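Here is a short tour of one protein chain and its ligand. Look over the sequence and the structure before reading on.

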Amino acid sequence: MVFMSEIRVPTVFTRIIAREIPADIVFEDDRIIAFRDINPQAPVHLLVVPKTEQYRNVSELASRDPGLLADIIATAKRLADEHCGGDFRLIFNEGEATGQTVFHVHAHVLGVLPGDALAEESLAH
Ligand code: AMP
């Protein structure tokens, strides 16, 4: 017998990985995908997401697979080099009170376009 609590609905990010939902994908390898946030809060706003959805937030990821967390951060840096001149703000929301809406751990990479002045309000999230 299968109980309702055992049925996991795929997260929106898993559906992007499966190409069920379109996304502007900027990077992908066997463990990580990155794409543009659909509702950008900065001139450059990328999401870096592990392909596994088994970690709901960054604390779970850090305690159970720190190597994967390190790879996410290294990917964020490479993408920032490519898209926003190397400087970036990295955000992990954890919990509804912080505005987390997708419980499949992901890093927000926020930056400005190369040559643009930093405007604090343009990196709000
Ligand atoms: P969080 O609030 O930290 O859980 O972040 C979830 C992020 O996912 C938000 O910034 C959303 O704009 C973004 N998002 C939700 N659905 C999509 C989608 N289909 N494609 C790209 N980004 C999405």
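Where is the place of His 104? His 104 sits in the loop between β4 (89-91) and β5 (107-111). The model shown here is a predicted one. His 104 counts as buried, because its relative accessibility is 0% and buried means under 20%. The side chain of His 104 also makes a link to another part of the chain. That side chain reaches the backbone oxygen of Thr 52, at 3.1 Å.

**The chain as a whole**

Now step back to the overall layout. The chain has 3 helices and 5 strands. Read from the N terminus, the order of elements is α-β-β-β-α-α-β-β. The chain has 125 residues, and 38% of them are buried.

**The ligand and its shell**

Next comes the ligand. The space that the ligand takes is the largest pocket. Two elements give two or more residues each to the shell around the ligand: α1 (12-17) and β2 (32-36). The largest share comes from α1, with 3 residues.

Which residues come nearest to the ligand? There are 16 residues around the ligand, and the nearest are Asp 37, Asn 93, Gly 99, Thr 101 and His 108. By class, the shell holds 7 nonpolar residues, 7 polar ones and 2 charged ones.

Three contacts to oxygen atoms of the ligand can be set side by side.

| Residue | Atom on the protein side | Distance to a ligand oxygen atom |
|---|---|---|
| Gly 99 | backbone N or O atom | 2.8 Å |
| His 106 | polar side-chain atom | 2.9 Å |
| His 108 | N or O atom in the side chain | 2.8 Å |

How much of the ligand's accessible area does the protein cover? On its own, the ligand has 510 Å² of accessible area, and the protein covers 86% of that.

**A positive phi in a loop**

Return to the backbone. Arg 19 lies in the loop between α1 and β1 (25-28). What is the phi of Arg 19 near? The angle is near 65 degrees, a positive value in a residue other than glycine. Most residues other than glycine have a negative phi. Is Arg 19 buried or partly exposed? Arg 19 counts as partly exposed, because its relative accessibility is 48%, and partly exposed runs between 20% and 50%.

**Two pairs across the sequence**

Some residues that are separated along the chain can be compared through their C-alpha atoms. Take Ile 32 to begin with. Ile 32 belongs to strand β2, one of the elements that give two or more residues to the ligand shell. Ile 32 is buried, because its relative accessible area is 2% and the cut-off for buried is under 20%. Ile 32 and Val 49 are 17 residues apart along the chain. Their C-alpha atoms are separated by 5.7 Å.

Now take Pro 10. This residue is in the segment before α1. Pro 10 is partly exposed, with a relative accessible area of 45%. How many residues apart along the chain are Pro 10 and Glu 53? They are 43 residues apart, and 8.1 Å separates their C-alpha atoms.

**Back to the start**

To close, return to the loop between β4 and β5, where His 104 has its place. His 104 is buried at 0% relative accessibility, whereas Pro 10, at 45%, is partly exposed.

Technical notes: Residues numbered from 1 in each chain as written. Predicted model: local features only at pLDDT ≥ 70, side-chain atom pairs only at ≥ 80, totals over all residues. Heavy atoms only, no water. Near = heavy atom within 4 Å. Polar contact = N/O pair within 3.5 Å; in protein donor to acceptor, adjacent residues only side chain to side chain. Areas by Shrake-Rupley, 256 points an atom, 1.4 Å probe, with all protein chains shown as cover. 1 Å grid on protein atoms, 1.4 Å probe; cavity = no way out; pocket = protein on both sides within 12 Å on 5 of 7 lines; lining within 4 Å. Sits in = over half its atoms within 2 Å of the grid points. Helix = DSSP H or I, 4+ residues; strand = E, 2+ residues; numbered from the N terminus. Nonpolar A, V, L, I, M, F, W, Y, C, P; charged D, E, K, R; others polar. Buried < 20%, exposed > 50% of the residue type's maximum accessible area, 1.4 Å probe, protein only.
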